[in-house]
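Happy to have you here! Let's go through some labels and ask what stands behind each of them.

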Amino acid sequence: MCDISNARKSFVWVIWVVLVAQSRASPQLDLPQYEPNSANYPQNPSFIPNPNYSPYNGVYATQGTIPQQTPEADRGYKDIGKAYRGDVRSLLQALELQASQQCTNNVAAQWNFETNVNQATQLEALQAQQTYSEFQHAVWELLNHAGNLDNIPDSRTFRQIRYYSVIGPAALTPDQLDRYNRLINDMLAIYNTASVCSFNDHFHCGLKLQPDLNKIMAKSRNWDELQHVWTEWRRQTGQKMKDLYEQMVRLSNEAANLNNFTTTADYWSFPFESPALELDLEDAWTEIKPLYELLHAYVRRRLREYYGPERVSRQAPLPSHILGNMWGQSWSNIFDITQPYPGQNFLDVSPEMLKQGYTPIDVFRLAEDFFVSLNLSAMPLDFWQGSIFEEPRDRVVLCTPSAWDFCNRRDFRIKMCANVNMKDLITAHHEMAHIHYFMAYKNQPKVFRDGANPAFHEAIGEAIGLSVGTPKHLQALGLVPVSVEDTAVDINYLYQMALDKIAFLPFAFVMDKWRYDVFNSKVGKEEYNCHWHILREQYQGIKPPVLRSEINFDPGSKYHIPANIPYLRYFVSTLLQFQIYRALCQAAGQYVPGDYTKPLHKCDIYRSKEAGNILRQLMEKGSSQSWRDVLFQATGDSRLDGSALREYFRPLEDWLRNENLRTGEFVGWLYDGDYCKQSIETAGLQVYGGFYNACSQHFASIFILFVCLLVSRITR
């Protein structure tokens, strides 16, 4: 599903980074002519669908149809300063008009590219994004040179000025910006072109992350094959970009300084409006950690039973390559070998949808009906005419589901190549939740047409998805004949969800905790990799399958690191969605704390006007107020906490606790040796459960070490 709010800024920024870097290197885009049916037509590297796409890290952009440019629009931002004569409100009026028009032009070009991928639309997308970035820079310069902005009449006006004055890397000088663009472009080029050779056939090379390597990590149960893919992917990506990343960090911090922040960490924290954000997040994680440790202990036992105690230790961290995902961020792909109740499958209404003759447009009509039942408005006619719900046959479309705001208060669209199945039914509701968010805050000033914080959009979309996937709601749609009431089915359902949502939380936390330490100069280049693995062990309880060293740069194997896209919003949205869902369910009378007949995980808010009122309150303010105020006014909560998530998973947590007690499982993990060393000589030694299968430490030379490794490989 898509990620909204500030993802619109970061995603479009990455697009511009790659495209502008290419354009400055050469005035012409070196692309073949567009051939829709040609398998050889290359994708624009900046628009390749995120290889890590999941409900927690989908792609978002805004959109529309390109209007005809007028001479006034061509001048655009160049004349914006003429409106300012010392009157801040006049300045904001001029900014409102110009910002909306510039946004519309830019978003429309991105929409045209993503829905018709060819050379011409790519060039238009490049030009539109470059123009929009120049507009942002012009506004930033104007605000920096306006002499009396200290005398701003009220807090709302001050907030608008402050938001307009934060433009990220666009504040860099042209030379610095060009260098920054090139660094990210070079790192993304390494990432997007990386490939490895097959484990079983070393002459079969060219295996790409998507779909080849992701499929192997998800489906293979061969320990050595998984270790090979895990290691080779990191050798072909992160290891090649460590120097580039260090240079990018310096320029990113310089851009933060120009935006009046101390470091990039402060810049990324700005939308969350907390003076002690890192402490707030640590507190939230501390609330979730007991549940995560129970899940971790259970999964470790099941993997130990599958792979053997010589490979998975009883008390050690989990080897990260056997968790069903390249980065260990989701464990859902190992559900089949770890499920609590084999054979007790939970609900999937896909066959019934096909049997009843559903089409993709019907799926979105169901989504519209859901929101209308909450007393929210129906979709406007333009939405149905402009959106894409199925993959066209006459052109190439980037099919990643996304919701688009045209920036003109009337044009909103969804782009999705939907299929008739339960997964896309939930995704359609998720995307339409974003559209309702757009429509709710459309009357706010342009600068406030965004989520209350970067996680709000996604949290609301996911909260709706929690309701739609319940047996009660599916029964109301006529897709389930009778409600399913079975403890084993319930536990399996919650367990698979936990493998996604609970396992994801420490990963998301570590992603930006590591980067905050880097941006704040707590960690230098000589410690990048080992600090990464220290945090992974500390928070996730996982370890690399082979010893690592500082010649490696394993963080760079994850897309968001070289792209320099913040990840913190995914951690926050995963917690926040359950807080919002709990408030909606209480308003609907479908959840009563302490009442076992109305557990949180079975709540459906369908047809609840009271829940709709809370949704409206959450959405209509946009980012015009602090997210804490918005949340408090609608739900009574004013901080991020894990209690709602714990309550949702309460039946599973009780089951895991009892199961771990029954089997005498150790809960938690013990540090069982160094996972990363400074010395190159120690890199690559195999890691097994609780110990390293290293050769004698008395051998000093690299040659003898190599022979030792070779012998150990032959004897395996």
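A polar contact is a pair of N or O atoms within 3.5 Å, where, within protein, one must be able to donate a hydrogen and the other to accept it. Keep in mind that this is a predicted model.

Q: What makes the pairing of the Asp411 and Arg413 side chains a polar contact?
A: The side chains of Asp411 and Arg413 are joined at 3.0 Å, and the cut-off is 3.5 Å, so the pair qualifies as a polar contact.

Q: Why is Asp411 called buried?
A: Its relative accessibility is 9%. Buried means under 20%, so Asp411 falls in that class.

Q: Where along the chain does Asp411 sit?
A: Asp411 is in the loop between β2 (402-405) and β3 (412-415). Met439 is 28 residues away from Asp411 along the chain, with 9.3 Å between their C-alpha atoms.

Q: Why does Arg569 count as buried?
A: Arg569 has a relative accessible area of 4%. The limit is under 20%, so the label buried applies to Arg569.

Q: How do you know that the side chains of Arg569 and Tyr570 make a polar contact, given that residues adjacent in sequence count only if both atoms are side-chain atoms?
A: The contact runs from side chain to side chain at 3.3 Å. The cut-off is 3.5 Å, so this contact counts.

Q: What else is recorded for Arg569, and which helix holds it?
A: An unreviewed UniProt entry gives the annotation "binding site" for Arg569, and Arg569 is in helix α22 (residues 568-588).

Conventions
Residues are numbered from 1 along each chain as its sequence is written. This is a predicted model: local features need pLDDT of at least 70, side-chain atom pairs count only at pLDDT 80 or more; totals for chains, interfaces and linings use all residues. Side-chain values use heavy atoms; hydrogens and water are left out. Helices (H or I, at least four residues) and strands (E, at least two) are DSSP runs, numbered from the N terminus. Buried means under 20% relative accessible area, exposed over 50%, partly exposed in between (1.4 Å probe, protein chains only). UniProt positions are given in the numbering used here, feature names are shortened, and annotations may be inferred rather than shown by experiment.
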